[in-house]
Amino acid sequence: MPKGLGRPPGQNFLCRFPTTKLVSLPSRPVMSKRESKSLSSPRLLLLIFILAQAHAEVLDDEDNQLPKFEWPTLPWMRNKTTKGKPAPINKLDLKNDYSQMELSNFGDFDRHPCRRVCQQGQAQKCYYQLVIHNYQRLGPECQRCQYDERACAAEHCIYGDGVATPVMAVNRMVPGPAIELCENDTMVVDVLNYLGEPTSMHWHGVHMKLTPEMDGAPMVTQYPLQPGEVQRYEFVVDRSGSLWYHSHVGWQRGFGVAGALIARQSRQGNQQAQLYDYDLVEHTLLIQDIFYDRNLQDVRNILVNGKGRNHLSQLPDNDNRHRYERLRVTPGYRYRMRVILNGIANCPVEFSIEQHKLLIVSTDGNDIEPVLADGFFLTSAERFDFILEASQVAKNYWIRIRGYEQCEDRNLYQGAVLSYRGSARTELPQGRILDNNRNSRTDDDELVFVNDFRFKSANSSLRQSLDKDNNVGTVALRSLEPVTWSRYTQFLTYYSSFGSRTAPNGENLYQIDDISYNSPGISLLQGRHLYEDDNYFCNKSSLAREGRVCERELCECVHVIRIPAYRPIEMVVANYMSNTHPFHIHGNTFRLVGQDVLGNINDLRNIRELDRRGRLARLKDDYAAVAKDTVQIPGQGYIIVRFVSNNPGFWLYHCHIEQHSVQGMIAVMKVGEDHQMKRIPARVRC
């Protein structure tokens, strides 16, 4: 993965599109019947000439006012003009020639045919186009939007929190447009790179069992998409739930290249369908901490679906000059709502809704036994779905997002509005967003929160009781699906760690297994037949054989951990640092069977020995442990995860905090041998 941003973003090709205007011809003079008969031929010709001159002047004036936008000629464009639409392929109108660009192709997908009621056995192919480009919050296209929120969509204005700052948009939107489809649909997505730097697109939560080359991990499963290129991703969405997509290059996710991907089930296959009445995409919230300009290390705000109050302003929270996301509900109905955290900095967030309980039913797209709570916490890339019953007085309520760690240092928080039908649309809730009565941990004693990152030390029972412990840790959640292994399965255990080190030049590097990741010069999946593993990869064992002691010296390399295919795998991952880390593995969903705080770096360094002596508690082998693809490792604590390695390939394994992954907290899991992976033509890109 490239470190840093590379060269500065190029020209913004999409920020000034002229509005198409119709030029009307001058109206013909009205003549009486007598006048028309008496008009001689020379006079008629003179009148026609005058009218033609006037028409030409009108067209010239319009052209001067509205210069025609011409799309740049790019390397991937063909030297021909497309006439009509391409022939449908499997009932899908694929676009194969981008030399004739139409702005109308790039927008949201509100009327997409795959946005439908899902039926069993009726999977479809779903075609989308995503253009990634430089843009700006409060850019030049924002004219009326600055004063009238209703005008923002028509102007394609990204208002944000009212601070003008560069962004990277998807189809002129931050966050990018939400994609809705059904489980087992085939996605066909053309991604166009209009940035001045390489990019790629990762489909977070999709396993890619049949198409590992579509995972979007640069220099691991694909070569990055260069400026001016288009890449077609095609894969089966092999699961349901709250998924999402985002760039996997540098800091682009922090600039805004991310969006929701919602895969629904048929009602017959949905075990929780009876719990709610509506599941609407407008009730999906993508939360992101942001920076201003290109000051990447300094988090400045938290936005909800790209909107929120301005913390540079001294205006109160309920001042109408702030722009908040609004969720409309009808009294008496139950709504499924989805929350995604696109976390960039080390900013876990707490989510709650004023005067409402939340029935939490899913995490990372995996159904759980419902838990009734006052709120929940998220670290970067985690998702939670909950059911909200609109049973309160019909008015407006605050949706509350409180930031911690780096966000807490700046006292950052954010709000959105839960608006009951029957209340005034433009009114904001009364009072401040945050509850002034909750300023310390002791104030939470009567409240139930799920996934609290402020993890407590071990209790007498690993399965925490909801009656006795209001902090429902992630490991306390229970999946609706049983584990896929038997009670006495023998797991192959791997020990790993997250930590940091200061380089000799003073740079702060982040590490997995005391190794900082260097991006390879060849894509590992495509080029796997072109190199010898032992000469190209490294890991803790290979470096030890060379006499390297990475606990005491700086180790940097293409860090690849080799795991056999089709085996039950257990990973024990220790966190040497005091802050929490979101642990994420591509290509897999794992079960969380252990999570605790040790609080002693010496114990963490000797975690293998502690485990041998039975000091690391685990859930029972046949317990329906919660399924996740991203989970927090508590500060100076550990997690234990289990999965079956039935997806051979090269899969990224990393911390999901952008700063940490960009600065080395990445490794690659090579699952299986080369011959067990999908056959992909060997490819080198110079």
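A disulfide is a pair of cysteine sulfur atoms within 2.5 Å. Keep that cut-off in mind on this tour of a predicted model. By this rule the count comes to 7 disulfides. We will visit some of them, then turn to a strand.

**Stop 1: Cys347 and Cys407**

Select Cys347 and Cys407. A disulfide joins the two, with 2.3 Å from S to S. Look along the S-S bond: the torsion there is 100°, and the link of Cys347 and Cys407 is right-handed. Now find where each partner sits. Cys347 lies in the loop between β12 (334-342) and β13 (349-353), while Cys407 belongs to helix α5 (residues 406-409), so the pair ties together parts that are 60 residues apart in sequence.

Is Cys347 buried or exposed? Its relative accessibility is 3%, so Cys347 counts as buried. Cys407 is buried too, with a relative accessible area of 0%.

**Stop 2: Cys145 and Cys152**

Move to Cys145 and Cys152. Their sulfur atoms are 1.9 Å apart and form a disulfide. The torsion about this S-S bond is about 80°, so the disulfide of Cys145 and Cys152 is right-handed. Turn on the surface: both Cys145 and Cys152 are buried.

**Stop 3: Cys538 and Cys557**

Next, select Cys538 and Cys557. Here the sulfur atoms are 1.5 Å apart, and the two residues form a disulfide. What does the pair tie together? Cys538 lies in the loop between α6 (533-536) and α7 (540-545), and Cys557 lies in strand β25 (residues 556-557), so the link connects parts that are 19 residues apart in sequence.

Check the burial of each partner. Cys538 has 6% relative accessibility and counts as buried. Cys557, at 12%, also counts as buried.

**Stop 4: strand β16**

Leave the cysteines and select strand β16, residues 375-378. In a regular strand the side chains alternate between the two faces of the sheet. Gly375 and Phe377 are on one side of β16, and Phe376 and Leu378 are on the other. Are these four residues buried or exposed? All are buried, and both faces of the strand are covered.

**Stop 5: the neighbours of β16**

Add β13 to the selection. How many bridges join β13 to β16? There are 4, and the two strands run antiparallel. To see one bridge, pick Phe351 and its partner in β16, Phe376.

Now add strand β20, residues 449-450. It is joined to β16 by 2 bridges, and these two strands run parallel. Pick Gly375 to find its bridge partner in β20, Phe449.

Notes:
Residues are numbered from 1 along each chain as its sequence is written. This is a predicted model: local features need pLDDT of at least 70, side-chain atom pairs count only at pLDDT 80 or more; totals for chains, interfaces and linings use all residues. Side-chain values use heavy atoms; hydrogens and water are left out. Buried means under 20% relative accessible area, exposed over 50%, partly exposed in between (1.4 Å probe, protein chains only). Two strands pair if DSSP finds at least two bridges between them.
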